[in-house]
Amino acid sequence: MYEKMINLLRRFGVEAEASKVFHEYVPEDKLLDFDGIIVADSKIPSRPIEKTEKLKIIQKFGVGVDNIPVELCKNRQIYVCNIPGINSLDVAEFTLAAILSILHRIRERDHMARKAEWSARPKVLSERLTGKIVGIIGFGRIGRQVAMLLKPFKVKILVYDPYVSDETIRNAGVERSERLEQLLKVSDVVTIHTPLTEETRHMIGWRELNIMKRNAILVNTSRGAVVDEEALYRVIKSGRLKSAHIDVWSIEPVPKSNPMLKLRRVQLSLHQASWSVNFFTEAAEFCVENIMRVFKGQKPLNVVWEVMH
Ligand code: NAD
């Protein structure tokens, strides 16, 4: 993705270079050199933002801007822009794939096939998604796409999101769960799509996990800290839940010592639910075009502080 953006920028006659740091703080003095920055997950420190005389725009390669000091940028009139919704469908498709993969035991069957354990086949039976109850926590861009993709499976969809209107719920053809507990109690599959806020931090903890149906599945592609990871580890290990798919982690990059990595009953990925060729290509083009707007003296699209409350 870096090469594509660098090539596009150079085609516009802009000098461009890629930083080698990933998911760490970008070296501070380096940031003072640039008129524009495109950033994915690396953290942008505050100090150079206070000092820079050149920087005009920080363009997020994605949606969440929690790695950028937005307020400070706003005070210094440095644009901070994102690309809302660009990868919602990728995360929604991934969520569906994760659910189906667990129910149809794709990992175990693959493992068995590689050992050619033909006679052991009846030991690994799958379960249909069709007819189950799916609980969606957070009914924004991704939550709604998940509901849309689930439609052909004839599942009952329950939604817990106190902030969406009855009209949104009605139009999506889903049922509102007034209380989180109510959704957890009856759902066979629970999938989380809220932002991480003070209210949602550890929203799914020991108590909530134990309210869930025995043998239910939990999928988290939102933010790691929405789930109490330690409690989830204990609940899965005890065999109370069937399985979980964890894409997002309480600490990222996830340390090799995290015990969840050794738990075979969970399905794991490394914050990659949105990483598709389609997203990378579209995002690279958007980021370059938005940066170029500013360099040409125009206002960029999606300035985040204009829509922040
Ligand atoms: P969104 O803002 O469109 O929707 C979030 C929804 O959560 C909103 O409808 C909001 O009302 C609801 N919500 C807020 N607080 C809530 C609460 N306490 N209880 C229930 N619902 C609540 O966000 P989105 O674009 O759909 O993204 C959802 C999540 O997915 C975010 O955490 C985002 O960071 C994450 N995400 C992950 C990946 C990945 O690769 N894993 C990629 C993109 C987004």
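In the predicted model, residue Q77 lies in the loop that runs between helix α4 (70-75) and strand β3. The phi angle of Q77 is near 60°, which is a positive value in a residue other than glycine.

The strand that follows this loop, β3, belongs to an open sheet of 3 strands, arranged in the order β1-β2-β3 and paired in the parallel sense. Because β1 (36-39) and β3 (79-81) each have a single partner strand, these two stand at the edges of the sheet, and one side of each is left without a neighbour there. From one strand to the next, the twist of this sheet averages 15°. The pairing of β2 (residues 57-60) with β3 is parallel and extends over 3 bridges; within this pairing, Q59 has C81 of β3 as its bridge partner.

At the level of the whole protein, the domain assignment gives two parts, of which domain 1 comprises residues 2-84 together with 276-308, while domain 2 comprises residues 88-268. A distance of 33 Å separates the C-alpha centres of domain 1 and domain 2.

A second open sheet is built from 7 strands, which follow one another in the order β6-β5-β4-β7-β8-β9-β10, again with parallel pairing. Here the edge positions are taken by β6 (175-176) and β10, and since each of these has a single partner strand, one side of each is left without a neighbour in the sheet. At the β6 edge, strand β5 (residues 156-160) pairs with β6 in the parallel sense over 2 bridges, and V159 stands opposite R176 in β6. In the sequence leading to the other edge strand, the loop between β9 (243-246) and β10 (267-268) contains P253. The peptide bond that joins E252 to P253 is cis, with an omega angle near -5°.

The ligand is surrounded by 32 residues, of which G138, G140, I142, Y163 and A273 are the closest. In composition, the shell around the ligand divides into 13 nonpolar residues, 14 polar residues and 5 charged residues. Two helices, α5 (88-103) and α7 (141-150), each supply at least two residues of this shell, and α7 gives the most, with a contribution of 3 residues.

These two helices also meet in a defined geometry: the axes of α5 and α7 come within 8 Å of each other and cross at roughly 50°. The helices α5 and α7 are therefore oblique to each other, and the crossing that they form is right-handed.

Methods. Residues are numbered from 1 along each chain as its sequence is written. This is a predicted model: local features need pLDDT of at least 70, side-chain atom pairs count only at pLDDT 80 or more; totals for chains, interfaces and linings use all residues. Two strands pair if DSSP finds at least two bridges between them. Helices (H or I, at least four residues) and strands (E, at least two) are DSSP runs, numbered from the N terminus. Axes are lines fitted to C-alpha atoms, for helices over the stretch in contact, and angles run from 0 to 180 degrees between N-to-C directions. Domain bounds come from an automatic or database domain assignment. A residue is near a molecule or strand if its C-beta atom, placed from the backbone, lies within 6 Å of it. Ala, Val, Leu, Ile, Met, Phe, Trp, Tyr, Cys and Pro count as nonpolar, Asp, Glu, Lys and Arg as charged, and the others, Gly among them, as polar. Angles under 35 degrees count as roughly parallel, over 145 as roughly antiparallel, 65 to 115 as roughly perpendicular and the rest as oblique. A crossing is left-handed if the near helix is turned anticlockwise from the far one by less than a right angle, and right-handed if clockwise.
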